[in-house]
Amino acid sequence: MGHIVAGDDLAELISAAAPWLADGDVLVVTSKIVSKAEGRLAEVPADGPEREEARREVLAAETARVVARRGPTTIVQTHHGFVMAAAGIDASNVDKTHLVLLPADPDASARQLRAAFRARGLDVGVIVSDTMGRAWRNGLTDVALGAAGIEPIRDHRGETDPYGNELEITQMAVIDELAAAGELVKGKCDQVPVAVVRGYPRSGIRDADGAAVLLRDAASDMFSLGTAEARTAGLRDAAQLPDGALPGRPVDPAAVDRAAAAVADALSPAIVVAPDEAIAGSGATAALHLRTRDMSPAGWMRLGADAHRLRAALAAESIVTLSLPHEDGIRLELSGTEESR
């Protein structure tokens, strides 16, 4: 298709390169040519430290939330909601004085390209794809950033498998699967930016649905932070444990035992931890009594520090605590939470 520049008519270029396109085909279009045609380029110095500084500034502008950093690699959530390395900013297949950004709205780009083909009398589906890494697995694959004219998900929920089991959670990300298949024929260095999928059933098309339905928001993502970042967040939360009203939920004794075992080796040998009766009306459903055999000022200070260690371990078990002074130590009033049920 040749070099793509801002303002190019992609539908015209694709039609010229593939005059054999037919109704029902699905086009898997590399996001880079969409970005170039839409002018989504950032100008940067060709080399030197100024280039790296400019690239950092571009990354910051494209970042909604940092997920993880490891050496030179930064995983972020973009303003679109994608979680990917370097916000999808790409320096390949472009001159050295520019970086290619992701399309501003990949679903809208896919809809516009589909509309342009419909104006030419062709009913095709469009997937705008890009390369991403994957959680828990090595290697990269192409996924869908935008889509139009093709259902993004094949929902098997409610269907029955050959053994009579009803499927409850199976939803296949069809547009991701087709994007990955398209990459097999596009390649990375072959300058083939569009693949055509023929034969996939596109029944019941609703143009309102796009790739955005595949995005998982951070609140429902159980892996929304990198390992080190999650640990940092946990330590920060542990440093800010509140003392306030307790929810009054039952406490799992096994969870209390796990928390005590987790900090047992870190507690002073002078500290004694024993179960106690919860104070009526406190919202607690269990309690622990901590006392120290070391009555020196240093011993009392260590008691306070160890009580907080235990509170942090209990918090990790979804047990909330209220710390109260006692004449011979510290009481921890305990309550379970909704998460601990």
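**Gln191.** I looked up its exposure first in this predicted model. Gln191 is exposed, at a relative accessible area of 68%. That value puts Gln191 in the exposed class because the cut-off is over 50%. I then placed Gln191 in the chain: it sits in the loop between helix 5 and strand 11. Next I checked its backbone. Gln191 is not a glycine, yet its phi is positive, about 55°. I noted the background: most residues other than glycine have a negative phi.

**Ser318.** I looked at a second non-glycine residue with positive phi; for Ser318 the value is near 60°. Ser318 lies in the loop between helix 8 (297–316) and strand 14 (319–326). Is Ser318 buried, exposed or partly exposed? I read 24% relative accessibility, so Ser318 is partly exposed.

**Helix 5.** I went back along the chain to the helix that precedes the Gln191 loop. Helix 5 covers residues 174–186, which is 13 residues. I tested its length. At 1.5 Å a residue the helix should span 18 Å, and its end C-alpha atoms are 18 Å apart, so the two agree. Just after helix 5 I found Gly187, with a positive phi of about 70°.

**Buried side of helix 5.** Which residues of helix 5 are buried? I listed Val174, Ile175, Leu178, Ala179, Gly182, Glu183 and Lys186. I kept the rule in mind: an α-helix has 3.6 residues a turn, so residues three or four places apart point the same way. Then I asked what covers these buried residues. The cover includes strand 1 (26–30), strand 7 (125–134) and strand 8 (137–148). It also includes strand 9 (154–155), strand 10 (171–172) and strand 11 (194–197).

Notes:
Residues numbered from 1 in each chain as written. Predicted model: local features only at pLDDT ≥ 70, side-chain atom pairs only at ≥ 80, totals over all residues. Heavy atoms only, no water. Helix = DSSP H or I, 4+ residues; strand = E, 2+ residues; numbered from the N terminus. Expected span 1.5 Å × (residues − 1). Buried < 20%, exposed > 50% of the residue type's maximum accessible area, 1.4 Å probe, protein only. Contact = heavy atoms within 4.5 Å.
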